[in-house]
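Me: Could you take a close look at the salt bridges in this model and walk me through a few of them?

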Amino acid sequence: MPDRYAVIGNPVAHSKSPQIHAEFARQTGQDMTYERLLAPTDGFIATVEAFHSLGGRGVNVTLPFKGEAFGYATRLSERARAAQAVNTLKFEGTAIFGDNTDGTGLVNDVTRNLGCAITGRRVLLLGAGGAARGVITPLLEQQPARLVLANRTLGKAQGLAHNFGGSLEAATYAALAGGQFDLVINATSASLTGALPPLPRGVFAQGALAYDMMYGKGETPFLAFARVEGAATLADGFGMLVEQAAESFFIWRGVRPHTAPALKLLRQATD
Ligand code: NDP
């Protein structure tokens with residue numbers, strides 16, 4: 001019997017994770033399956049436990065259950081603790097290990113796939129929801145010159161800045177005027193509704209990378225704005241998606257897959 005894995009979410013039908021993990025398993029010769037599990041919004045734990053009792057070895061967790069998965073895990077990685085959200089569960093006997101691979105996925109995509117160093121650079125992160133929280137620690141580990149977090153609701157950004165003790169600066173969008181950044185990451189959900197975060201003009205430094213965590217929506221308003229503003233490189237969130245999956249695969253299987261073939265498959269499927 002192959003080992004069983006799954007992604008749990010609501011909705012989950014759109015998830016690309018089964019294609020990505022199938023490619024990783026093929027490439028590394030791992031005997032495993034990976035399926036989608038739709039959990040009722042009040043039935044996350046029951047769904048995980050049913051899957052576990054049927055022999056499941058681990059799951060990815062997507063919206064809206066990352067916070068619940070954080071509470072469910074009996075052992076947590078440091079990065080999951082910092083994010084207060086879990087996207088990867090691994091069943092280890094009676095223990096349940098919870099990790100968060102989103103931030104490492106973003107950093108690996110930016111530094112390896114896009115060839116953009118974060119160390120010593122000025123980084124601007126937009127948004128203060130689950131996605132932004134998940135990437136703060138991995139970004140800080142790269143030792144940027146500064147990391148500024150802008151959010152529509154300033155109090156949320158200030159709360160995060162307080163938790164990170166001075167290494168993270170909170171700002172309103174208006175306060176960004178006059179500042180310049182080498183890497184601007186859109187971790188808001190604005191692109192989902194075709195909206196543009198209220199960024200002032202002139203924040204993209206020469207040679208800047210504009211990164212939208214959103215994927216599969218073509219050129220988002222944020223990326224269109226960045227292009228007009230002269231950002232040198234535009235990137236969507238497909239690379240982050242594949243890199244976070246590779247990190248989960250490594251946690252479960254102890255093998256690091258090559259990510260380029262899976263990324264190519266996804267891009268071909270959405271072209
Ligand atoms: P949340 O709902 O937790 O947070 C949403 C954030 O967006 C809040 O900070 C909110 O601000 C802000 N926001 C929403 N609309 C606007 C707007 N019009 N202008 C400015 N700010 C706005 O969402 P998540 O953090 O979970 O997800 C954010 C995005 O990241 C989604 O698009 C998701 O698809 C993507 N994502 C991509 C991943 C990948 O692998 N590529 C992984 C995880 C997420 P406020 O606090 O003021 O309400």
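Reply: Happy to; here is a walk through three pairs and one network.

This is a predicted model, where local features need pLDDT of at least 70 and side-chain atom pairs count only at pLDDT 80 or more, while totals for chains, interfaces and linings use all residues. Residues are numbered from 1 along each chain as its sequence is written, and side-chain values use heavy atoms, with hydrogens and water left out.

The structure holds 16 salt bridges (a side-chain nitrogen of Lys or Arg within 4 Å of a carboxyl oxygen of Asp or Glu). In one of them, glutamate 92 meets arginine 75 at 3.2 Å, N to O. Glutamate 92 sits in strand S5 (residues 88–92) and arginine 75 in strand S4 (residues 75–76), so this pair ties together parts 17 residues apart in sequence. Helices (H or I, at least four residues) and strands (E, at least two) are DSSP runs, numbered from the N terminus. Glutamate 92 is partly exposed at 28% relative accessible area, and arginine 75 is partly exposed at 42%. Here buried means under 20% relative accessible area, exposed over 50%, and partly exposed in between (1.4 Å probe, protein chains only).

Within helix H4 (residues 78–83), arginine 81 and glutamate 78 are three residues apart, about one helical turn; their salt bridge spans 3.6 Å, N to O. Arginine 81 is partly exposed at 43%, whereas glutamate 78 is exposed at 59%.

Arginine 79 pairs with glutamate 247, with the closest N and O atoms 3.4 Å apart. Glutamate 247 belongs to helix H9 (residues 238–253) and arginine 79 to helix H4, so the bridge ties together parts 168 residues apart in sequence. Glutamate 247 is buried, at 9% relative accessibility. Salt bridges with shared partners join Arg79, Asp99, Glu247 and Arg256 into one network.
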